[in-house]
Amino acid sequence: MISVLFVCLGNICRSPMAEAVFRQMVREAGLEKQIRVDSAGTGGWHEGEPPHRGTREILETRGISHKGIRARQISREDLDRFDIIVAMDNSNLAALRRIADQTSADLYLLTDFIPGTDRTDVPDPYYTGNFEEVYELVEAGCRGLLQRIRKQEGI
Ligand code: 4NP
């Protein structure tokens, strides 16, 4: 079993979108038993809330389930419990590195998995309002991540 945790700031816009999109891709590939998927925020202001309306709408129009997803704040234990931790932007990555110290988890940016892109950050739609742009980056990043895992794990 390989585990993936997507991380953003509030865990209501970007990382729950990535969780839902990636879970759907994993399901379509028949790999639910091999790949575990979750998301969390570096901040805890929205703890217990469902995804932001903008994220829900983007997912619903594409038939992607967000059932049961609720915001939670990342804990130090998450860094040991997950194999691959994927930050949505450089500020999330810096926050993760501050709490990571001796973690064995591998820390990445989502854009690391988008071939040929010059983007490094998934812009925060909580401020930009642009959920479409987030979806396009999330979709491309999740596709690249799944390919990478399948190749590495031989699954
Ligand atoms: P997210 O967006 O990190 O993509 O979930 C945000 C959601 C809430 C806040 C900031 C960013 N906030 O400050 O409450």
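A residue counts as buried when its relative accessible area is under 20%. Keep that cut-off handy for the tour. What you have open is a predicted model, and the protein averages a pLDDT of 97, with 99% of the residues scoring at least 70.

**Stop 1: Asn11**

Select Asn11, in the loop between strand S1 (2-8) and H1. Is Asn11 buried or exposed? Its relative accessibility is 1%, so Asn11 is buried by that cut-off. Now look at the backbone: phi of Asn11 is near 60°, a positive value in a residue other than glycine. For background, most residues other than glycine have a negative phi.

**Stop 2: helix H1 and Glu19**

Carry on along the chain and select residues 14-28, which make up helix H1. Among the elements of the protein, H1 has the highest mean pLDDT, at 99. If you color by confidence, also pick out helix H3 (residues 76-81), which has the lowest mean pLDDT of the elements, at 93.

Back in H1, click on Glu19. Glu19 has a relative accessibility of 5%, so this residue counts as buried too. Which residue shares a polar contact with the side chain of Glu19? Show Ser39: the two side chains are joined by a polar contact of 2.7 Å. To fill in the surroundings, add Phe6, Val37, Asp38 and Ile69, which Glu19 touches along with Ser39, not counting residues up to four places away in sequence.

**Stop 3: H1 against H2**

Keep H1 on screen and add helix H2, residues 53-61. Two packed helices are described by the angle between their axes and the distance between the axes. Here the angle is about 20° and the axes of H1 and H2 are 9 Å apart. Angles under 35 degrees count as roughly parallel, so H1 is roughly parallel to H2. H1 passes H2 in a right-handed crossing. Turn on side chains for Met17, Ala20 and Val21 of H1, then for Thr55, Ile58 and Leu59 of H2, and you have the residues that make the contact.

**Stop 4: H1 against H6**

Next, select helix H6, residues 131-153. At what angle do H1 and H6 pack? The angle is about 45°, with the axes 9 Å apart, and the two helices are therefore oblique to each other. H1 passes H6 in a right-handed crossing. On the H1 side, the contact residues include Met17, Ala18, Val21 and Phe22. On the H6 side, look for Phe131, Val134, Tyr135 and Val138, among others.

**Stop 5: H2 against H6**

Hide H1 for a moment and leave H2 and H6 showing. These two pack at an angle of about 60°, with their axes 10 Å apart, which makes H2 oblique to H6. Their crossing is right-handed. From H2, show Gly54, Thr55 and Ile58; from H6, show Phe131, Glu132 and Tyr135. Those residues make the contact between H2 and H6.

**Stop 6: Asn92**

Finish in helix H4, residues 90-100, by selecting Asn92. Asn92 has a relative accessible area of 1%, so this residue is buried. What is Asn92 in contact with, leaving aside its neighbours within four places in sequence? Show Val7, Cys8, Leu9, Arg14, Thr42 and Ala87 to see those contacts.

Definitions and conventions:
Residues numbered from 1 in each chain as written. Predicted model: local features only at pLDDT ≥ 70, side-chain atom pairs only at ≥ 80, totals over all residues. Heavy atoms only, no water. Helix = DSSP H or I, 4+ residues; strand = E, 2+ residues; numbered from the N terminus. Buried < 20%, exposed > 50% of the residue type's maximum accessible area, 1.4 Å probe, protein only. Polar contact = N/O pair within 3.5 Å; in protein donor to acceptor, adjacent residues only side chain to side chain. Contact = heavy atoms within 4.5 Å. pLDDT = per-residue confidence, 0-100. Axes fitted to C-alpha atoms, helices over the stretch in contact; angles between N-to-C directions. Parallel < 35°, antiparallel > 145°, perpendicular 65-115°, else oblique. Left-handed = near helix turned anticlockwise from the far one by under 90°.
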